[in-house]
Amino acid sequence: MDMETPSARLTSLDVLRGMDMLIILGLDALVYALYPLYSGNEAWRLVREQLGHAPWEGLRVYDCVFPLFVFISGMSMCFSHLRQLDTRPWKILLKLWKRAALLVFLGFFVNGIISWDLGSMRFASVLGLIGLSGALAGSITLLTRGRVIPNFIIAGLILVGVGVAQHTGGNFTAGGCANARIDALLCPGVLYGGSYDPEGPLCIISATALSLLGYSAGRLFLNIENAVTRALTMLAGGAALFIAGYFMPTPIIKSIWTPSFVLCCTGIAAALMSLLHLVVDVAGLQKWALPFRVVGLNALAAYLLIHIVNLQALSARLFSGTWALFLSADWQRAANATVALLLAWWFCWFLYKKRVFIKI
């Protein structure tokens, strides 16, 4: 685990990562806490709905949070490889798989107590999926020497393979999908979804394609000199991928990372990246984005923080007596959620001011 200074970084990429992380850090909890106060407001109901997962089929904002991070990781990997062109490929490969191993271990830690009783542990994890899909995608980019078209073709072939497996290996239900059958064979212990795991082996393969698409977006980003052309090209590509995913015969299911889900999320991620690039990097409007960049620069540290410390409980312990003096029960919950989110952000701000940037 390294601590670095964020020199020569793409600011918009850090901003997008920070926006993504803020949802996980407590923005979702704050919206849920405020909902009882505005339950009669239709717009607020839609916001609350979007900050929760679709029950099975469908696509909501919250479903895109994790895939967006995978896309960002793929794009970041492109820039990292570019800075290490003088490094031997095997060194990059070793670094990729060391990172994957550490993220898998941290995923065990986040999931709960590590035990010799394998049946009581959950082996799949968000961090494990990010690490393994990144290592697989990175290994492929080394074989293709980072070229866009081969990477794009391989990503497409991976998604076709996953689609065929899901169509022929079962149905698209929680208990009968191909993912559930593969998870039952390859994942000992607890499965998050009961019969399947949303971070299981087949989901890792789908995420590898998403990471490759993120890497390819990064290469296109670097290959196009004109900033406006670069952003518009990425926006158009994102729109095309979203439309392709939306109209695929495979249903959009986040829990099993269907190809249509991957393409839709890739399209959304590319569109967001292109818009932020124009606003933050090209137009130079960066002051408003600093609160998001602060989080984006220490996304891993922030993620580990909220899984180690129950910030809502800490907020309640510190301020519940004060809230009770002048707030109703509903407003107390909203106040606790607000303080929890601010505490998470303050942690990132503290690291930022100390010039500590933790990465793997």
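**Notebook: contacts, loops and helices of a predicted model**

I began with Ile256, which touches Trp56, Gln166, Phe172, Cys177, Asn179, Tyr196 and Cys203 when residues up to four places away in sequence are not counted. The model I consulted is predicted. I placed Ile256 in the loop between helix 9 (227-246) and helix 10 (259-282). Is Ile256 buried or exposed? I recorded a relative accessible area of 0% for Ile256, so this residue counts as buried. I also looked up a pair of C-alpha atoms: those of Ile256 and Leu142 are separated by 28 Å, and the two residues are 114 apart along the chain.

**Entry on helix 7**

One contact of Ile256, Asn179, led me to helix 7, which runs over residues 178-186. There I noted Ala178, Asn179, Ala180 and Asp183 as buried. Against which helices do the buried residues of helix 7 pack? I found that they pack against helix 6 and helix 8 (201-223).

**Entry on Tyr62**

I then turned to Tyr62, in the loop between helix 2 (42-50) and helix 3 (65-82). Its relative accessibility is 18%, and because the cut-off for buried is under 20%, I entered Tyr62 as buried. Leaving out residues up to four places away in sequence, I listed Ile23, Asp28, Gln50, Leu51, Gly52 and His53 as the residues that Tyr62 touches. The C-alpha atoms of Tyr62 and Cys348 lie 22 Å apart, with these positions 286 residues apart along the chain.

**Entry on helix 1**

Two of the residues touched by Tyr62, Ile23 and Asp28, directed me to helix 1, which covers residues 11-34. Where does helix 1 bend? I located the bend at Ile24, with an angle of about 55°. I also noted that helix 1 is mostly covered, with 19 of its 24 residues buried.

**Entry on two arginines with positive phi**

I looked up backbone angles next. Phi of Arg145 is near 60°, a positive value in a residue that is not glycine. Arg145 sits in the loop between helix 5 (126-143) and helix 6 (148-168). At 72% relative accessibility, I entered Arg145 as exposed.

Arg355 likewise has phi near 60°, positive although the residue is other than glycine. I found Arg355 in the loop between helix 14 (329-353) and strand 2 (358-359). With a relative accessible area of 44%, Arg355 went into my notes as partly exposed.

**Entry on the whole protein**

How many helices and strands does the protein have? I counted 14 helices and 2 strands. The radius of gyration is 21 Å, close to the 21 Å that the globule rule gives for 360 residues, and therefore I recorded the protein as being as compact as a globular protein of that length. Along the principal axes, the C-alpha trace spans about 65 × 50 × 45 Å.

Of the 360 residues, buried ones make up 50%. I next considered contacts between residues at least 6 apart in sequence, and 75% of these join residues at least 24 apart. For the surface I noted about 17100 Å² exposed by the protein, with carbon and sulfur atoms supplying 67% of this area.

I closed with the charges. The protein carries 26 positive and 17 negative charges, and I recorded a distance of 9 Å between the mean positions of these two sets.

Note on methods
Residues numbered from 1 in each chain as written. Predicted model: local features only at pLDDT ≥ 70, side-chain atom pairs only at ≥ 80, totals over all residues. Heavy atoms only, no water. Bend = angle between axes of the 7 residues up to and from the residue. Helix = DSSP H or I, 4+ residues; strand = E, 2+ residues; numbered from the N terminus. Buried < 20%, exposed > 50% of the residue type's maximum accessible area, 1.4 Å probe, protein only. Rg over C-alpha atoms; globule rule 2.2 N^0.38 Å. Contact = heavy atoms within 4.5 Å. Areas by Shrake-Rupley, 256 points an atom, 1.4 Å probe, with all protein chains shown as cover. Lys, Arg positive; Asp, Glu negative; His and termini not counted. Charge placed at Lys NZ, Arg CZ, Asp CG, Glu CD.
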